[in-house]
Amino acid sequence: MSLRTVELALATPGLDEPGKPTRIPLGVAEPPGAHFDEDFGAEHMLVNLGPQHPATHGVLRLVVELEGETVKRVIPHIGYLHSGFEKLGEYRHYNQIIPLTDRTDYLSPMANNVALALAVEKLMGIEVTERCRVLRVIACELSRIISHLVWLGTTGIDLGAFTPFLWSFQERERVYNLQEAWTGARLTTSLTRVGGMMADIPDGWDQALREFTRTFPSTLDEVDTMFTRNAIWIGRTQGVGALSREEAINYSLSGPMLRASGVDYDVRKDRPYLGYEDYDFDVPVGEHGDVYDRYRVRLEEMYQSNRILEQALDKLRPGPINVDDPRVVLPPKGRAMSDMEAMIYHFKQVMEGVKPPAGEAYLGVENPKGELGYYFVSDGTAKPVRWRIRPPSFINLASLPKMCEGALLSDVIAINASVDIVMGEIDR
Amino acid sequence: MSTAPVSPSAAALRASFGDAIERVLVSCGDTIVYVSRARAHDALAWLRDTPGQDFNYLTDITAVDYRDPERPLEVVYQLRSLARRADLRVKIALDKRQPLEVATVYDLWKGADWLEREVYDMFGIRFAGHPDLRRLLMWETYAEGYPLRKDFPLRGHFSRSEQTRQALAANPEAHYSLEELSIAEAFAELPKDMQERLARGERGFIR
C-alpha cells in the first residue's frame, strides 16, 4: 500500500500531459515505481467484518476472502449471542417459555408469542376464541410492520440513505406506543398465554390503531418515492445477491427471501392459521431474487399488513379472549377465592403448569423474517422434552456465502442487509 | 387427536423401502415416519425426486434426546412439498450405544449445511459426508460436551470458576482460524512464538 490515489470523477482540476485526469496522492507521497508489489493483484486478502460493526446488524462476524475487491469466499462466524434458549425451555413450564420467545427475534416479539401459543395449542388440541384470533392477527401484523420498518431503515443506512431511517423509526415508535399501551412493555411483550391472551386491548386502543392504519401508508408512499426509482438505490441493489428460484428452494429460504426469488409460498395463504383465509390480502412475489426484489417484496408486505389490520379491526367483536378450559386458563380471581373447584384449578395451574398430552407437534407461522417453526415434544409432563425453534433468519443467513460469491466487498453489506437478520434469533 | 389421516407418502415409502420403514405414526395431525439409519438417505432422496411426492423443501433438521436414557436419540427431518403443500416428518432413531452417525443430506439440500452443523454442535451426532462439519454456535474448542443432550446439566459440566478461567485464558491473538490465515498467507508472517501458540490450539482449530 505504498501510494493511494483518488480519482476525481466530478471535479477534475485538470489534465496532465498524457491527457489523463490529475490524480491527487493521499498519504505519504512516494515517487511512482519506488515500491511496487508485482503480484499484488494475485494475492488474496482477508478482511474481517464484525462482530462489532453496525453493518453486520448485531454480533455477526464475517471473514471475507478478497481478490482485489472481488469476494472469493465469505466465512460467517455466529454464536456470539448464544443463550441456550432451547435448553432453557426444557426446564420451564409452557407458559414460562413465552418470555424466552420475546428475546429470540426481539424485533417482532408479539409474533413469536403468538407462534408459541399456537404450537402448544396444536399439541393440546385447543381452539381459541374468535376475539383472541383477531387480536393475535393484529399482533402478528403489527410485528411484521415494525420488523420490516427496522429492516428498511437500517438497510437504507447501510447503503447511504439516512432520511428513510428517520421516517421508518418514527412510524415504528407509534407502533411501539401501541404495543406498550396493550402489553405494558415495548420490547418484551409476553403477550399471549396458552389458550388465550395475557390481556385484552385497553379502551380506545382500537381507535388509536385505526388512526395508525389511516396515516401509515403515506409514509410508505414517501419511502417508495425515495427509493423505488432512485438511481443510486437501484445501482446498489439490482442484480446484487441474486438467487434463482431453484436455489432459493434448495437453500431452504423462507419468507420475503423465498418470495423475492419467485416462489409463491406464504404460510398465511398455504397453511392458514388464525383464520387468515378470511382476510383479503395479496402476497407479493419477486422475479429476480436480488436485493431490489427483496426490498420491493417487504415494502409491499407492509401495505398488505396495513390492509389486514384494517380488516381485523372491522372483525373485532366483544367476547372472551380466553378459552373456557380450566386445564390451561386460570379461573377468574373472584371464583378462585370463593369456589373450591376453581381454587384447585388455580393452584394446579400455578404450581404445576399446563400439561399437554404425550406427543409432538410442529407449527410454522409466517413471521416477518420467514417461517418461524416451533417443534414441541411432550412426554405428558408440564415441561417439554424438546423445544426446537426453526429460526428463519438463521436458515436465510446460511445462504450468505453463496449469495456473496463474486460480488464486490460493498455488495456484501447490501446482501447481508437484505437477509434481514436478527442475531438473537440466529444464535438463540 | 390422532384421528387425522396418515399421509399417503407413508404407504408409498413402505411399498418402496419395505422393512427400512420401521414405524409410522400420527401425532397432532402430523405424520411421522421412522426410517432405518442405513436407508435414510435413499428414502429422503426418493421423497425429494419421485413425482407425486416432490418433497423438494427441507424445512428443518433437528434432533431429540428423550428424558429416558434408554430411549434412542432421534434425528428429525421436516420435509415439505411446496407444489403439493404437504408436510412429512422423517425420523432416524439412533441407539446411543452405537456410533452417533447418519449420512448427510447436504448433497440433496444445501440448506442442510448449517442445520446439520447445529445438530452436531448441540447433540454430537456426526453427519458422514458433510463438507465442513464444525461446531457452529459454540466455539470450536468448546470442551464441555454437547449442550442439548439430557446428560448435560443446565449450567454446563465445568464449574463457573473453571469456565471463567478458560475464558480468560483464551488466546486473543488467535482471532482467525488457521484455515483463514492460510487464505491471506499470513501464517508464515506471524512471530515464531505466536505460530507455536496457535499450533498448540489454544484457540484455533488444528486439522
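**Exercise 1. Determine how many residues each chain brings to the contact between chain B and chain A, and which elements of chain B take part.**

Solution. The contact draws on 34 residues of chain B and 40 residues of chain A, where two residues are in contact if their C-beta atoms, placed from the backbone, lie within 7 Å. On the side of chain B that touches chain A, the elements giving two or more residues are E3, H3 and helix H5 (178–183) of chain B; helices (H or I, at least four residues) and strands (E, at least two) are DSSP runs, numbered from the N terminus. The most comes from E3(B), with 6 residues. By residue type, this side of chain B divides into 20 nonpolar, 6 polar and 8 charged, with Ala, Val, Leu, Ile, Met, Phe, Trp, Tyr, Cys and Pro counted as nonpolar, Asp, Glu, Lys and Arg as charged, and the others, Gly among them, as polar.

The model is a predicted one, in which local features need pLDDT of at least 70 and side-chain atom pairs count only at pLDDT 80 or more, while totals for chains, interfaces and linings use all residues. Residues are numbered from 1 along each chain as its sequence is written, and chains are lettered from A and ligands numbered from 1 in the order in which they are written.

**Exercise 2. Work out the strand order of the sheet in chain B, and explain why E1 and E3 each have one side without a neighbour.**

Solution. In chain B, 5 strands form an open sheet with mixed pairing, in the order E1-E2-E5-E4-E3; two strands pair if DSSP finds at least two bridges between them. Strand E1 (21–27) and strand E3 (57–64) of chain B stand at the edges with a single partner strand each, so one side of each is left without a neighbour in the sheet. Inside the order, E2 (residues 30–35) and E5 (residues 86–94) of chain B run parallel and are joined by 3 bridges, and Tyr34(B) has Lys91(B) as its bridge partner in E5(B).

**Exercise 3. Describe how helix H2 of chain B lies relative to the sheet strands.**

Solution. Helix H2 (residues 40–49) of chain B lies across E2, strand E4 (73–81) and E5 of chain B, and runs at about 175° to E5(B); axes are lines fitted to C-alpha atoms, for helices over the stretch in contact, and angles run from 0 to 180 degrees between N-to-C directions. Helix H3 (residues 112–123) of chain B also packs on the sheet, where it touches E3 and E4 of chain B, and its direction makes about 5° with that of E3(B).
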